[in-house]
Amino acid sequence: MFALGNRLSVKIEPAVLSDLRNASTVGEKLAVLGAAGSRGSATLKDENGVSVHPGCVKPFMDGN
Amino acid sequence: MAIEGTLSSTAGNAEFASPARLLVLQSTPFCNIDCSYCYLPDRTARVRMPDSVLEAIAGKLLRSSLVGRELSVLWHAGEPLVLGPAYYENAFAILRKGAPASLALTHKFQTNGTLISDQWCDLFKAHHAVVGLSIDGPERFHDRHRRTRSGEGTFAKVLRAIALLHAQELPFYVICVLTADSLDHADEFFEFFQALGVTRVLFNMEEIEGSNRQSSLNQPGIEQRYKNFLSRYFDLLVQSGSSQHVRELHDTVSNILAHRATPIHNVLTEPFSTLTIDTAGNVSTFSPELLAARDERFGGFAIGNLLTDEIEDLMHSPKFAGIAAEIAAGVDACRRECAYFPVCGGGSPSNKLAEAGRLDTTETLYCRVTVKAVTDLMLDKLAGDETLRSARPGVTVSGGQDFAAQ
């Protein structure tokens with residue numbers, strides 16, 4: 001686990017890290033982490049332990 | 001017409017299954033300063049959105065099926081604060097009166113900060129408005145690009161605005177435009193925002209867009225320099241346990257981890273996810289910057305006018321269908337060709353138009369810098385490169401596979 005500043009933390013299970021390091025392309029790496037994220041083996045949580053999933057790419061400014 | 005499923009065959013089979021997320025309102029195109037990289041073409045025009053347009057927004061748009069139960073209203077595309085607090089007291093009242101009682105509106109201002117006063121803070125506080133402040137880092141970077149028309153820097157006034165916002169405990173975020181000059185100074189930028197007590201930072205790149213036809217970032221090797229900047233910023237963030245939330249870092253991690261469980265929504269490529277309305281009531285969707293853009297084939301990108309058209313007219317206008325179809329073709333091409341599509345969703349139409357002259361193209365400078373370079377960086381960080389392993393005092397590495405940073 002590592003902290004992204006004092007508000008968010010990332011936790012990735014060792015087996016996922018191994019798969020990630022063995023992946024060679026961007027597509028493979030995203031597939032590893034996307035799958036791990038969907039089954040809870042890789043998480044991003046706030047200071048209250050709540051998962052953070054904006055699920056939205058490039059919001060315009062910070063307007064949403 | 002319920003906004004569910006597929007729009008129509010004339011819209012390039014563009015789907016818009018979710019309601020509008022963001023309404024960008026141009027209360028005025030006028031701006032009291034003259035930034036070197038501004039993309040807005042009409043920022044000397046002293047016009048304002050009249051009550052008639054605000055009433056049409058409330059009576060037509062906010063009551064339409066395009067809008068769900070909550071909506072962010074972003075006052076932008078000019079310097080909104082030049083109109084004074086009384087203008088917005090009236091505007092908020094018109095929108096509230098005409099909107100359904102069940103609709104939760106959140107007002108947000110994107111401002112250069114030079115006009116923020118106690119009176120403005122009172123309005124922000126009374127309406128729980130969120131403030132986005134433009135500041136390009138330390139003075140020597142900020143004042144190089146963000147100047148008045150007489151050439152004076154605006155840094156001191158923005159600092160005063162931040163002090164006022166802090167004094168009244170008002171939430172705000174900062175937008176910092178990065179130019180080529182900035183990229184070798186991550187430490188200086190980090191310490192600057194840290195010292196200012198800024199907790200939410202959005203780094204925008206200097207874009208080729210609208211009336212800004214050049215970017216200092218349009219040069220070989222810029223992707224690596226941008227990546228280096230954010231990499232160092234990330235390391236400083238982790239090492240210090242800073243409370244800064246940096247959109248480019250945090251949201252990219254989130255998208256990487258969440259894209260399979262939660263479909264990525266690109267608010268710039270989804271029809272009617274974002275709506276933009278200018279002072280005259282002209283409406284556009286997709287990238288907000290498109291409303292002021294011009295193109296030989298489409299002319300402008302307004303799909304109708306709220307004073308004369310009904311929402312149904314906008315949704316079924318030939319102009320909308322043509323724009324939507326070309327954007328959808330571009331998104332499809334991105335999906336086929338780009339490995340980063342799962343965390344991007346098809347790029348930014350306004351950047352495609354500005355850089356390639358069309359909406360159905362794929363990679364842009366904007367993509368290479370803000371999507372590809374940042375995703376590559378965060379994939380490296382998540383894989384646990386040496387920088388991250390040693391990034392924070394007290395980190396222990398367990399079997400070379402895990403991290404503990406507490």
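Reader: In what order do the elements of chain A run from the N terminus on?

Author: Reading the elements one after another is a good way in. In this predicted model, chain A runs β-β-α-α-β-β from its N terminus. That gives 2 helices and 4 strands for chain A.

Reader: What percentage of the residues in chain A are buried?

Author: Of the 64 residues in chain A, 52% are buried. The accessible surface of chain A comes to about 2700 Å², and carbon and sulfur atoms account for 48% of that surface. You can also look at contacts: among those in chain A between residues at least 6 apart in sequence, 47% join residues at least 24 apart.

Reader: Let's turn to chain B. How many strands form the open sheet there, and in what order?

Author: Here is the general idea first. Strands of a sheet pair through backbone hydrogen bonds, in either a parallel or an antiparallel way. In chain B, 10 strands form an open sheet with mixed pairing, in the order β7-β6-β5-β4-β3-β2-β1-β9-β10-β11. The edges are β7 (245–246) and β11 (304–305) of chain B; each has a single partner strand, so one side of each is left without a neighbour in the sheet.

Reader: Which strand does β7(B) pair with, and over how many bridges?

Author: The partner of β7(B) is β6(B), in the parallel sense over 2 bridges. To find the place by residue, look for B:R200, whose bridge partner in β7(B) is B:H245.

Reader: What about strand β5 of chain B: is it enclosed or open?

Author: Count its buried residues, remembering that buried means under 20% relative accessible area. In strand β5 (residues 172–178) of chain B, 7 of the 7 residues are buried, so this strand is largely enclosed by the rest of the structure. B:F172, B:V174, B:C176 and B:L178 point one way from β5(B), while B:Y173, B:I175 and B:V177 point the other way.

Reader: Which strands pair with β5(B)?

Author: Strand β4 (residues 130–134) of chain B pairs with β5(B) in the parallel sense over 4 bridges, and there B:G132 stands opposite B:Y173. Strand β6 (residues 200–205) of chain B also pairs with β5(B) in the parallel sense, over 5 bridges, with B:F203 in β6(B) opposite B:C176. Helix α6 (residues 186–196) of chain B joins β5(B) and β6(B) in a right-handed β-α-β unit.

Reader: Which residues touch the most other members of the largest nonpolar core?

Author: That core has 128 residues, and those touching the most other members are B:I57, B:L62, B:F124, B:F193 and B:F203. Take B:L62 as a case: leaving aside neighbours within four places in sequence, its contacts include B:L23, B:I57, B:V67, B:L95 and B:L105. A second, separate core has 9 residues, among them B:C31, B:I33, B:C35 and B:L40.

Reader: How many disulfides does the search of the whole structure find?

Author: A disulfide is a covalent bond between the sulfur atoms of two cysteines. The search finds 0 over all chains. For B:C31, the nearest cysteine sulfur is that of B:C35, 6.2 Å away. B:C31 counts as buried, at 13% relative accessibility. For B:C367, the nearest cysteine sulfur is that of B:C344, 5.6 Å away. B:C367 is buried too, with a relative accessible area of 8%.

Reader: One last residue, B:L382: which helix does it lie in?

Author: You will find B:L382 in helix α12 (residues 365–382) of chain B. At 1% relative accessibility, B:L382 counts as buried. The C-alpha atoms of B:L382 and B:V253 are separated by 8.2 Å, although these residues are 129 apart along the chain.

Conventions: Residues numbered from 1 in each chain as written. Chains lettered and ligands numbered in written order. Predicted model: local features only at pLDDT ≥ 70, side-chain atom pairs only at ≥ 80, totals over all residues. Heavy atoms only, no water. Buried < 20%, exposed > 50% of the residue type's maximum accessible area, 1.4 Å probe, protein only. Pairing = 2+ DSSP bridges. Right-handed = clockwise from strand over helix to strand, strands pointing away. Core = buried A, V, L, I, M, F, W, Y, C linked by side-chain atoms within 4.5 Å. Contact = heavy atoms within 4.5 Å. Disulfide = S-S within 2.5 Å. Areas by Shrake-Rupley, 256 points an atom, 1.4 Å probe, with all protein chains shown as cover.
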